[in-house]
Amino acid sequence: MATGRPGRVSGTYEKPVSRLPYIIAYAVTAKGARESISILRVIHAARDWQDEEWPN
């Protein structure tokens, strides 16, 4: 079960890092009864990302 908000890229989630200007972008995959989390990217949130430039 994902605890972050839905990500800007379809099928991903985002979780801000407390007291730091970072966002963790991740995906959750299920294999049977097990779930795995894959960290896709650590993004510095202070950077002014345009929507079309957002890392995917």
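How many bridges pair β2 with strand β3 (residues 22-31), and in which sense do they run? Four bridges join β2 and β3, and the pairing is antiparallel. Keep in mind that everything in these views comes from a predicted model.

**View 1. The whole sheet, strand by strand.**
Four strands make up an open sheet, and reading across it gives the order β1-β2-β3-β4, with antiparallel pairing. The edges belong to β1 and β4, each of which pairs on one side only. Going across, β1 (residues 5-6) and β2 (residues 13-16) are joined by two bridges, β2 and β3 by four, and β3 and β4 by ten.

**View 2. The β1-β2 end of the sheet, with its hairpin.**
Here strand β1 runs antiparallel to strand β2. Look for P6, whose bridge partner in β2 is Y13. Six residues sit between the two strands of this hairpin, and G11 takes a positive phi near 85 degrees.

**View 3. E14 and its polar contact.**
Is E14, a residue of strand β2, buried or exposed? With a relative accessible area of 2%, E14 falls under the 20% cut-off, so E14 counts as buried. Its side chain isn't without a partner, though: a polar contact of 2.8 Å links it to the side chain of R8.

**View 4. Where β2 meets β3.**
Two bridge pairs are worth picking out in this close-up: K15 has I24 as its partner in β3, while P16 has I23. The two strands also form a hairpin with five residues between them. In that turn, R19 has a positive phi of about 65 degrees.

**View 5. P21 and the residues it touches.**
P21 is found in the loop between β2 and β3. Its relative accessible area is 36%, so P21 is classed as partly exposed. Which residues does P21 contact, once neighbours within four places in sequence are left aside? They are I43, H44, A45 and A46. Take I43 as the example: P21 and I43 are 22 residues apart in sequence, yet their C-alpha atoms are 8.4 Å apart in space.

**View 6. The β3-β4 pairing and its hairpin.**
Ten bridges hold this antiparallel pair in register on the ladder. I24 turns up again here, this time with V42 as its bridge partner in β4; on the β2 side, I24 is the partner of K15. The hairpin has two residues between its strands, and G32 takes a positive phi near 65 degrees.

**View 7. A nonpolar patch on the surface.**
Which residues form the nonpolar patch? L20, Y22, I37, I39 and V42 do, and together they have about 490 Å² of accessible area. Strand β4 (residues 34-44) supplies the largest share, three residues. I37 lies in β4, and its relative accessibility is 58%, so I37 counts as exposed. V42 is the patch residue to compare with View 6, where V42 is the β4 bridge partner of I24.

Definitions and conventions
Residues numbered from 1 in each chain as written. Predicted model: local features only at pLDDT ≥ 70, side-chain atom pairs only at ≥ 80, totals over all residues. Heavy atoms only, no water. Patch = residues over 30% accessible without salt bridge, like charges linked within 9 Å, V, L, I, M, F, W, Y side chains within 5 Å. Areas by Shrake-Rupley, 256 points an atom, 1.4 Å probe, with all protein chains shown as cover. Salt bridge = Lys/Arg side-chain N within 4 Å of Asp/Glu carboxyl O. Buried < 20%, exposed > 50% of the residue type's maximum accessible area, 1.4 Å probe, protein only. Pairing = 2+ DSSP bridges. Contact = heavy atoms within 4.5 Å. Polar contact = N/O pair within 3.5 Å; in protein donor to acceptor, adjacent residues only side chain to side chain.
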